[in-house]
Amino acid sequence: MKNVYDIENGINKLSDGRVNPTYDTAQVITLALLVFLLRVKSFNELNLMIKNNEFSKLFRRGKQLPLVDAIRDTLKVMDIKGLKQINEYIIKKAIENKVFENGTIAGYTVVAIDGTKFFGSNKKSCPECLRNKTHCFHSGAVMSTVGDGPKLVIDFENYRPGQDSVSKDEGEQNVAKRLLTNVISVHKKLIDVVVYDALACNSVWINHCVKHDIEVIVRAKNNNNNSIREVKKRVNRSETVEVWTDEKGFEKIEVYESVFTMDKVLERLRFVKYTMKYPNKKRLQIMIVTTCMNMKLKTLFKIIRARWDIENSIFNNLKKECGLKHCFVHGGKAVEAVLYLIFIASNMMQLFLFRRLRKYFSTQREIVRLLLKGLYIMKYKSELVFNST
C-alpha cells in the first residue's frame, strides 16, 4: 500500500471542511481505510480496537487516535474528489504495472456495470436518500473488471433523488451512462468491452457506448423492441451455427446467431442465442445483443457468463464481509466517502492476492484473518508506520 500504490501520499493530500480539528484528515482517513481493509464490521467494534491500542504499531508512538465520533464528523465533510483520485491512481498504477496486459477475457479488457443498494436503514437518513415508505437507502451503479485476474472497482455513481421528475428518483440507465462517460475520460483505452444486463438492451445504451467507441454486450430477455422480437423469431427458425460438447459443466451447447438492425441504432448488431443442456438434463438459454461483429462465439459466451463476477466478487462479497450494506454514517458526503474507502480497500486486497500471492492463493477471509494476526504480533518499524505529518 505504501511503496507500490503510494496510499500514504494520496491520503496526506486530502482535506475536509473542519475548522481547527483535533485530528488531521490523513490520520482519520487512514484509520477508516484500515477498518475496511481489515473488515471491521462496525464503528462500535472499531472503538473497542482503538481503546485496546490494536493499531498502535501502525502510527507514530504517542499518537492519539480519533474515536468514532471524530471519524463520522470527518467523513461528512470529506473531500470526495481526493478519495476518487486515490482510487484512480490505483487503477492507473495497476495498468502501468501491466495487470491488464493480457486483458481479462481472451485478450479483451472487459468491465461490467450493475446497480445495487447500499446502506439501507429504517432509522438513519439524509437528504440524498432514496425512500421506500419508511425505509431509507442509497443505490448506485458500479463498474468493475470481470474475468481473469483481480476484480477491481473502477468507479461508481450514486442515484440522485428526484431527478427524472419532481417525485421520481433517477433511473439506473442514466446513472450508468454518466459512470461510463466519467471513467472513459479518466482511463482512456482501458476498456475494450462493457457488459450489462437486460436493462440496457435498448438503443439509448447501445448508442451511448458506440459514441464512446466501446464494444457492448447486453443480455436480451423479454423486450418491447420490435426489431429484437423479429430477430428472435428468425433465430428460432434457423439452424445451429455451432454445437459444443467440450464446455466444462455442460453436456451440450447449441449456438444460433443472426445480424439485424435495431430501431434507432445506425450500426448493424449481432444477435446470439446459446441453448445449454446440463448433465442433469436441465436446459437453459442465454440471448445477447452485441456490437462485437467479429468476436468468437466462445469468447462472447465467456464474457456474458463473467458478468456475474460483479455480483459475486464485488457485491455479495463486500456486503457479507466488508459492511457494504451496513449503515455506518449518513449525512453530508459520508456515504460517498465510505463507498470510496470500501472500494479502495477491496482493490488493495484484490491486487495483493493476485499480484503478490500468485503462487500461494488463499481466500480473502483467510487473508483478513492473517492480517489481523499480523497486526497483533508485528513489531514497531518506522517504514511500516503511516505518517500524516
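This passage describes the pockets, a cavity, the aromatic pairs and one buried serine of a predicted model. Local features were taken at pLDDT of at least 70 and side-chain atom pairs only at pLDDT 80 or more, while totals for chains, interfaces and linings use all residues. Residues are numbered from 1 along each chain as its sequence is written, and side-chain values use heavy atoms, without hydrogens and water.

The largest pocket has a volume of about 870 Å³. A pocket is an open set of points on a 1 Å grid over the protein atoms alone, with protein on both sides within 12 Å along at least five of seven lines. Lining residues have an atom within 4 Å of a point. Points are joined across faces, edges and corners, and the volume is the space filled by probe spheres set on them. Of the 24 lining residues, Met1, Lys2, Leu37, Phe352 and Leu371 are the closest to the centre of the largest pocket. Helix 2, helix 11 and helix 12 (364-377) each give two or more residues to this lining. Helices (H or I, at least four residues) and strands (E, at least two) are DSSP runs, numbered from the N terminus. Helix 11 provides the largest share, six residues. By class, the lining has 16 nonpolar, three polar and five charged residues. Here Ala, Val, Leu, Ile, Met, Phe, Trp, Tyr, Cys and Pro count as nonpolar, Asp, Glu, Lys and Arg as charged, and the others, Gly among them, as polar.

The second largest pocket has a volume of about 320 Å³. Its lining holds 18 residues, and Glu128, Asn158, Tyr159, Arg160 and Glu336 are the closest to its centre. Helix 11 again appears, with the largest share of four residues. The lining divides into seven nonpolar, four polar and seven charged residues.

Two of these residues, Asn158 and Tyr159, also touch Ser139. Contact means heavy atoms within 4.5 Å. Other contacts of Ser139, beyond four places in sequence, are Thr116, Lys117, Phe118 and Leu130. Ser139 lies in strand 3 (residues 135-145). Ser139 counts as buried because its relative accessible area is 10%; buried means under 20%, exposed over 50% and partly exposed in between (1.4 Å probe, protein chains only).

Two cavities of 30 Å³ or more were found. In a cavity, a 1.4 Å probe fits but cannot get out. The second largest has a volume of about 30 Å³. Helix 6 gives the most to its lining, with three residues.

The structure holds eleven aromatic pairs. Rings of Phe, Tyr and Trp (its six-membered ring) pair if their centres lie within 6.5 Å; planes under 30 degrees apart are stacked, over 60 edge-to-face and the rest tilted. Phe36 and Phe328 form an edge-to-face pair, 5.2 Å centre to centre, with 85° between the planes. The two lie 292 residues apart. Both are buried. Phe250 and Phe301 are also edge-to-face, at 6.0 Å and 65°. Phe250 lies in the loop between strand 7 (242-244) and strand 8 (252-260) and Phe301 in helix 9, so the pair ties together parts 51 residues apart in sequence. Phe250 is buried at 8% relative accessibility, and Phe301 at 1%.

Phe250 and Phe301 belong to a cluster of ring pairs with Trp244, Tyr274 and Tyr278. The charged end of Lys298 sits over the ring of Trp244, 5.3 Å from its centre. This requires NZ of Lys or CZ of Arg within 6 Å of the ring centre and within 35 degrees of the ring normal.
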